[in-house]
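Thanks for making time this morning. I would like to walk you through one model, going from a few individual residues to the ligand site and then to the aromatic pairs.

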Amino acid sequence: MNDAGPSFGLEDVTVAQTRLSSIDGEEGALLIGGYPVEDIAPNATYEEELYLLLHDSLPNAEELRDFRADLARRRSIPDEVASVVRRAAREGRPAMDALRMGLAAVTLSTDLGDPSAAEAEDEALRVVAAMPTIVAAYWRFRQGADPVSPRTELGHAANYLYMLRGEEPSQSDVRGLETYLNTVVDHGLNASTFAARTVVSTEADLVSAATAAVGALKGPLHGGAPGPVLNMIQEAHDRGNCEEVVRARLDAGERLMGFGHRVYRARDPRADVLSAAAEQFYAGAGRENVFETARELEAVGSRLLAERKPDRRLETNVEFYTAVLLHGIGLPAELFSPTFAVSRAGGWVAHALEQKRNNRLVRPVARYDGAEGRTWTPIGERD
Ligand code: ACO
C-alpha cells in the first residue's frame with residue numbers, strides 16, 4: 001500500500017494517440033486495428049495481424065505473401081546472440097533475462113542507427129522476427145540440445161514451435177498458439193508498450209525500445225503472472241480442491257495471480273477468447289485436462305475475491321487462460337512470459353513507429369516530498 005493519488009501510476013492519464021487498439025474497460029471490449037478481438041484473434045494469422053497494425057488494413061493475398069517472406073527472411077540471429085543465450089541457459093538464468101540480453105545484441109548484425117521510415121519498418125520486422133529465434137535457441141540450450149535453424153516456408157507461429165521442438169507442429173497446436181499470439185499482440189498503453197514509446201520518444205532506436213519493453217514485461221504484475229497461475233491450477237488439480245488452494249493464498253495476503261486488471265472493470269475480453277480456444281483445444285487433444293479445474297478455480301477465485309474486496313470487480317484476466325492454453329499446447333511454464341513477448345513485440349514496434357511519426361519527448365513530472373534546505377557536510381564531520 002502506498003499513499004499514491006490516482007494519477008500516480010499514470011492511471012487514466014492520456015499520453016499518446018493511437019489507432020492500434022482500443023480498450024473499453026467498463027464494457028470489457030477490445031478492438032485490435034478496429035476489429036473485435038474475439039473476431040480477429042481466432043481467425044487471423046499472426047502475420048495478418050502484424051500487417052494490420054503496421055499498415056492499418058488487412059493484407060490481400062499478394063501483400064500477405066510478400067510480408068510473410070519479408071518477416072521470415074529476418075529470422076536468423078547473429079552467432080554472438082546465440083552465444084549470449086547459451087551462456088544464460090548454462091547459468092540457469094530465467095528465459096526473460098536471456099531474451100533481454102539476446103535482443104539487445106541483435107544490432108551486432110547490422111547498423112541500425114538513425115533509420116529512415118522504410119528502414120524503421122525494416123528494423124521493426126527484424127525485432128519481431130528475431131524474438132522467437134532467441135527464445136527457441138535459449139530453450140534448446142537449456143535442454144542440452146543445439147538450436148534449430150528457422151525455416152522460411154513456415155508461418156511465424158509454426159516456425160516458433162518448430163524451432164522449440166525440432167519437429168513440425170500439428171495444425172491444432174499452431175492454431176492454438178496463433179490465437180494466443182493474436183489475442184495479446186497489442187493492448188493500449190500497458191507498461192511495456194509505454195516503456196517502448198518512452199524510449200523511442202528520445203529518438204532512440206527500436207531495438208533499444210523493445211529491449212526496455214522486455215524488461216517491463218518481466219514483472220509478475222504485467223507479463224510474469226501465467227507461470228504462477230499454472231502452479232495454482234496444477235496444485236488445485238492435484239489436490240482436487242480449488243477452494244482450499246485459493247483460500248490459502250488469500251489468507252497468506254497474496255494476490256491471486258490471473259485475477260484483476262488495471263483497466264478492466266468488467267471481464268477481460270481476452271480471457272474469453274483464450275478460454276474458448278483452450279476449451280476447444282483440450283476437447284480435441286486428449287491431454288491431461290486442467291481446463292475443467294481452471295474453470296472451477298475461476299469461479300471460486302471470483303467468488304472469494306468478491307467477498308474480500310466487495311468494492312472492486314476482480315475477475316480473471318488474460319494471463320489466467322494464457323496459462324491454460326499454452327500448457328495445453330505443451331509449452332513449459334518458463335516460456336509463458338517470453339511467448340507473450342514474442343507476440344507483444346508486434347505491438348511494441350507498431351507503437352514505436354506511431355510514436356516516431358508524431359513524436360513528443362515523454363517527460364512527466366514527480367511531486368517532490370524529500371528534504372529541503374540541507375547544506376553540505378564534509379565526510380569527516382558526519383555522524
Ligand atoms: N488478488 C487479490 N487482491 C487483488 C488482486 C488480486 N489479483 N488484484 C487487485 N487486488 C486488490 C488489491 O490488493 C487492492 O486492495 P486494497 O485496496 O485493499 O489494497 C485492490 O484490489 C486494488 O489493487 P490495485 O493494485 O490498486 O489495482 P491495480 O489496478 O493496480 O491492479 C493488477 C492491477 C496489478 C493486475 C492487479 O489486479 C494484480 O496484481 N493482479 C494479479 C497479477 C496479475 O494477474 N497480473 C497480470 C495482469 S494482466 C497483464 O498485465 C497482461
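Arg265 sits in the loop that runs between helix 12 (242–251) and helix 13 (269–285). Please keep in mind throughout that this is a predicted model. With a relative accessible area of 23%, Arg265 comes out as partly exposed, since the band for that label begins where buried, meaning under 20%, ends. In space, the C-alpha atom of Arg265 is 8.5 Å from that of Glu315, although 50 residues separate the two along the chain.

Let me stay with sequence distance against spatial distance, using a few other residues. Ile32 belongs to strand 2 (residues 29–32), and Ile32 is buried, with a relative accessible area of 0%. Its C-alpha atom is 6.1 Å from that of Leu20, a residue 12 positions away along the chain. Then there is Leu54, which is part of helix 2 and, at 11% relative accessibility, is counted as buried. Measuring nothing at the bench here, simply taking C-alpha to C-alpha in the model, Leu54 and Ala89 are 33 Å apart in space and 35 residues apart in sequence. Gly227, in helix 11 (residues 226–239), is likewise classed as buried, at 14% relative accessibility, and the C-alpha atoms of Gly227 and Asn358 lie 37 Å apart, with these positions 131 residues apart in sequence.

Now to the backbone, where two residues other than glycine have a positive phi. For Leu10, phi is near 55°; Leu10 is located in the segment before strand 1 (21–24) and, with 34% relative accessibility, counts as partly exposed. For Asp56, phi is near 65°; Asp56 is placed in the loop that joins helix 2 to helix 3, and at 42% relative accessibility Asp56 is also partly exposed.

Let us turn to the ligand. Which residues come nearest to the ligand, out of the 20 around it? They are Arg255, Leu256, Gly258, Phe259 and Asn317. By character, the shell around the ligand is made up of 10 nonpolar, five polar and five charged residues. Several polar contacts can be named individually. A polar backbone atom of Leu256 is 2.8 Å from a nitrogen atom of the ligand, while a polar side-chain atom of Arg262 is 3.0 Å from a ligand oxygen. The side chain of Arg312 also takes part, with an N or O atom placed 2.9 Å from an oxygen atom of the ligand. As for cover, the ligand taken alone exposes 910 Å², and the protein buries 78% of that area.

Asn317, which I have just listed among the residues nearest the ligand, also brings us to helix 15. At the start of that helix, a side-chain oxygen of Asn317 comes to within 2.9 Å of the backbone nitrogen of Glu319. Helix 15 covers residues 318–329, and its 12 residues should span 16 Å at 1.5 Å a residue, which agrees with the 16 Å between its end C-alpha atoms. Is this helix largely enclosed or largely open? It is largely enclosed by the rest of the structure, because 11 of its 12 residues are buried. Among those buried residues are Val318, Glu319, Phe320, Tyr321 and Ile329. Directly after helix 15 comes Gly330, with a positive phi near 105°.

Finally, the aromatic residues. How many aromatic pairs does the structure hold? There are six. In one of them, Tyr51 and Phe67, the ring centres are 5.2 Å apart and the planes stand at 90°, so this pair is edge-to-face. Since Tyr51 is in helix 2 (residues 46–55) and Phe67 in helix 3 (residues 61–72), the pair ties together parts that lie 16 residues apart in sequence. Tyr51 and Phe67 are both buried. Elsewhere, Phe259, Phe281, Tyr282, Phe291, Phe320 and Tyr321 form one aromatic cluster. That cluster links back to what we have already discussed, as Phe259 is one of the residues that come nearest to the ligand, and Phe320 and Tyr321 are among the buried residues of helix 15.

Methods:
Residues are numbered from 1 along each chain as its sequence is written. This is a predicted model: local features need pLDDT of at least 70, side-chain atom pairs count only at pLDDT 80 or more; totals for chains, interfaces and linings use all residues. Side-chain values use heavy atoms; hydrogens and water are left out. A residue is near a molecule or strand if one of its heavy atoms lies within 4 Å of it. A polar contact is a pair of N or O atoms within 3.5 Å; within protein, one must be able to donate a hydrogen and the other to accept it, and residues adjacent in sequence count only if both atoms are side-chain atoms. Accessible areas come from the Shrake-Rupley method with a 1.4 Å probe; for residues, only the protein chains shown count as cover. Ala, Val, Leu, Ile, Met, Phe, Trp, Tyr, Cys and Pro count as nonpolar, Asp, Glu, Lys and Arg as charged, and the others, Gly among them, as polar. Helices (H or I, at least four residues) and strands (E, at least two) are DSSP runs, numbered from the N terminus. The expected span of a helix is 1.5 Å times one less than its number of residues. Buried means under 20% relative accessible area, exposed over 50%, partly exposed in between (1.4 Å probe, protein chains only). Rings of Phe, Tyr and Trp (its six-membered ring) pair if their centres lie within 6.5 Å; planes under 30 degrees apart count as stacked, over 60 as edge-to-face and the rest as tilted.
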